[in-house]
Every structure is written in C-alpha cells, then in structure tokens.
Amino acid sequence: LRHRRALVSLPAARAPRAYPTAFALLLAMYPAASHRTHAAFAAPYAPFAGRALRNSPRGCAFTPPVLSSRLGVGSPGSRRTQGAFGVVRMMSDARKKVVFLGTPEVAAQSLRRLIDASRADGAVFELSAVVSNPPSKSGRKKQLQASPVQALAEAEGIPVLTPTGLLKKYEDSAEFLEQMRELAPDLCITAAYGQFLPKSFLSIPKCGTLNIHPSLLPQFRGASPVPRALEAGVEVTGVTVLFTVFEMDAGPIVGQAELVLSGDEKADELLPLLFDQGSDLLLQVLPDVFSGEKKQHGEGCVMQDDAAATHAAKMSKEEGELWFTENAMYAHNKVRAFAGWPGTTAEFVINSMEPDEEKIKVKIVTTRVRRKVGGAVLGVHQISCDDTTNTLVITCDDGSQLDVIEIQPPGKKAMDAKSFWNGMRGRRVERARVPWSPGALPVGSLK
C-alpha cells in the first residue's frame, strides 16, 4: 500500500495480477478510482482482501478507512458475508441490507427513490443488490436491451442479478437462490418484478418481502390492477404496500394510500402516479418494518378480507375490441383501461353499400362520454363530427353517445378527430354492424 500511487498508475490489466491483495484493499480505500471500483471488475480480487483482513491483527495499518458499498470489502472484526458476487461485505454501520426486485420503468422510478434514501444522511438501510428480468430483444433491430431497472442499477454501481426465473424449472434458479442466501438480506422489496416468488425465496430475507401494489387491496389482486380498476369505472383507487406471501397479493397490509379519480385518467398515465405514491408510502413504513413493529406474519399490520377480494386478470389483445353494443360509459372506461397496450380498436365502414366501400380498423385513443343514457336506438350506425367540440360522435346501441377526441387510422400516427374527419373528404363513416346485445354498464355509471 506504500506504493498505492504506483498501483493506480499501472494499467488495469497488470495491477490485479501483480498485487492482488493490495489491489483489492486499494479499491476499498480509494473508491474515487471509479473505473476500478465497478463490482464486476473488482470482485475476483476481493477474496484476497478478505483473506488478508482475516489474518491481520486488529487495527492494522492497512485497514480500509473508507467503505466502498459497491465492493463491500470488510474490515477486521466486522460482520462479513461472502456474498453473491464473491466479495466480503462490511456492515459495521449496522445498516439493514435491502435487495430490490423490479423490471419496467415504473419500478425504476421506485428504485431511484430508494437509492436516494439509502444515500441520505442517517440512512438506516443500504441497497445491497438489485434483481431484474434478463435483457430482452426490443426495437426494430431486435437487439438485447437491459430493463430500465437493470440499467439504472448498473449506472449507480449497484450489483445486479438477472435470473431467468425463480422456479425449479429454470436452470439458473438454484444458483440465484444460493446467491441470495449468501447475501442474507434483511428485507426484499418488489415493484412490478414480473416473476413468481416461491417459498424458497420468501424464506430468505429476515424481515420478509414487501411489495408495492397499485390498487386498494383486497380489490384487484393480480397482474393488471390499474387497467381492471379503470375498466370497472372505480371513482377511488390507490396503492398498497404489503408483505408478500405465497398466495398472490394476499399478504398483510403495511400501509395504504387513496387517490380520487377524475374519470378521464388513462392506465399508462395513472400507473406512474400510483408507483410514485407507493414509493412515498414505502419509505414511510420502512422504519416500522425494520424495528419489528410491523412483521411479515401480520403483527402490526391489517389482514386482508379474502371474501372481499376481486381479481385483476391479465389483459389480452382481443379484449381491446370495441363494437359499441355496450353503454358509452363502458366503452369510455375500456379506452382508459387499455391505453398504451393493447389499446382499443374499432371497425369503421367508409361509404357503406357503395362500390368503393372500405373497411378500416382504427385505434380509439381518447374519448369522453357525451350522453350516458338515451334508450335503445337500433340501427343508428352513422358517425358524425361535431364542429363545436371537434369530436366524432358515435351512438351506441342503448342510445348513449361517445365522443372520440383522438383516433389513429391504420398506418398513421394518432391525430385529433377533426383531422381524421377532414381526411374522409365527405365520405360517409359508420361503425361496423354487429348483432345487438344489451351491453354492460359499470357499477355507478348512471349516477
């Protein structure tokens, strides 16, 4: 270590081989050398540091005075764990070890909040690792891309694990679970992770596993809580932080927060808001979880009423079809619920019964209810344009009316309804004719 300046100046390829023990200790002492403190680069040399530290007298001259959280190199007499990345971790500050599991952008939003909180003065926890789904092919070139959560964690120097799955059928599941046991986290936090958590995983963290769920449980348990809540026309939704148990979304509730809806929110807009609200709630309840005031077995928590539970089934593309045989409120809520993916589509007929008749499938992007009730008006398929509101007016089979504000024709970008109407150049537009049905009215839609 007397030659630390020389070590820093050595090429990266030579320094570890020349002085493995000193190099590992140097990384712990001088984390400013960022190109050499990345866990993936330094991990192979950390065992040298661990062996040197275990064989050294307490208070020796080369005990690292600075902890590199990314390397986790320990010091004599500290609590050590030979972790998932082959590094020796130091927990002399007694901070709780947290592992975060998530995949999409909304989960990265929550991870960002946890990173900031873990690095604030007086933080009671550290992010020891992040778990995300493996990189997947996306874009026109179908290139492998890391998930938003993985990208953020790597940018912040946090070790990342990307197991294919946690169940036994996945080849890397056993290795991943062993890595988690070696890491020995105090708490795991999930946010839209997208993988089933088996009992073998749930038994690892000492304080349990917390989940951010964007609904007011026990309502809308399942894969699509936000779309199903909007489809049902609820006026109040919210977010729940709960302990994860083997049964889906059925664990003890640690905290809840409500959000009153205006009636026009879309799923792709509402989801980030709920996860932001859930991140606030999570940070509020963490001290109670770490102190043991709220426990994974239910102590200090609110137990769910299974009899009041509703299920939020995964969405399918076929569900996004609109035929306007239902009430306009039902159609409007479906447009809100299926915004983003898979979207809602409708079949229009141009110049029906004419030689140049054309059928097109359009995407209905934004709507509002023009008239809630009106009585059965069978046979009204004509679509008109209201020049005052610049909307397409569609009459449903029960006489209710829907205003279409934004629409996306095939092969084109979304546009306002007036632009679409002008593009028809005076041709008649109708909704496709299908057999009549009594339709469906969401609860409370006719208030």
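Reader: In what order do the seven strands of the open sheet stand?
Author: This is a predicted model. Its open sheet has mixed pairing. Read across the seven strands, the order is β5-β2-β1-β6-β7-β9-β10.

Reader: Which strands stand at the edges of that sheet, and why is one side of each left without a neighbour?
Author: An edge strand here has a single partner strand, so one side of it has no neighbour in the sheet. Residues 160-161 make up one such strand, and residues 253-260 the other. The two edge strands are β5 and β10.

Reader: How many bridges join β1 to β6?
Author: In general, strands of a sheet pair through backbone hydrogen bonds, either parallel or antiparallel. Strand β1 covers residues 96-102, and β6 covers residues 187-191. These two run parallel. The number of bridges joining them is five.

Reader: Which residue of β6 is the bridge partner of Gly 102?
Author: Gly 102 lies in β1, which spans residues 96-102. Its bridge partner in β6 is Ala 191.

Reader: At about what angle does helix α6 run to β2?
Author: Helix α6 takes in residues 105-118. It lies across β1, β2, β6 and β7. Its angle to β2 is about 150°.

Reader: What angle does the direction of α11 make with that of β9?
Author: Helix α11, residues 267-291, also packs on the sheet. It touches β1, β2, β6, β7, β9 and β10. With the direction of β9 it makes about 35°.

Reader: Which element gives the largest share of the lining of the largest pocket?
Author: The largest pocket holds about 1400 Å³ of space. Its lining has 43 residues, with Ala 192, Gly 194, Gly 222, Ala 223 and Ser 224 nearest the centre. Elements that give two or more residues are α6, β6, β7, α10, β9 and α11. The largest share, four residues, comes from α11.

Reader: How many residues of helix α12 are buried?
Author: Buried means under 20% relative accessible area. Helix α12 spans residues 328-337, and its buried residues include Met 329, Tyr 330 and Lys 334. Their cover includes α10, α11, β12, β13, β14 and β17. The helix is largely enclosed by the rest of the structure, because the buried count is ten of ten.

Reader: What percentage of the chain's residues are buried?
Author: The chain has 13 helices and 19 strands. It exposes about 21400 Å², and carbon and sulfur atoms supply 53% of that area. Of its 447 residues, the buried share is 51%.

Terms used
Residues numbered from 1 in each chain as written. Predicted model: local features only at pLDDT ≥ 70, side-chain atom pairs only at ≥ 80, totals over all residues. Heavy atoms only, no water. Pairing = 2+ DSSP bridges. Contact = heavy atoms within 4.5 Å. Axes fitted to C-alpha atoms, helices over the stretch in contact; angles between N-to-C directions. Buried < 20%, exposed > 50% of the residue type's maximum accessible area, 1.4 Å probe, protein only. Areas by Shrake-Rupley, 256 points an atom, 1.4 Å probe, with all protein chains shown as cover. 1 Å grid on protein atoms, 1.4 Å probe; cavity = no way out; pocket = protein on both sides within 12 Å on 5 of 7 lines; lining within 4 Å. Points joined across faces, edges and corners; volume = space filled by probe spheres on them.
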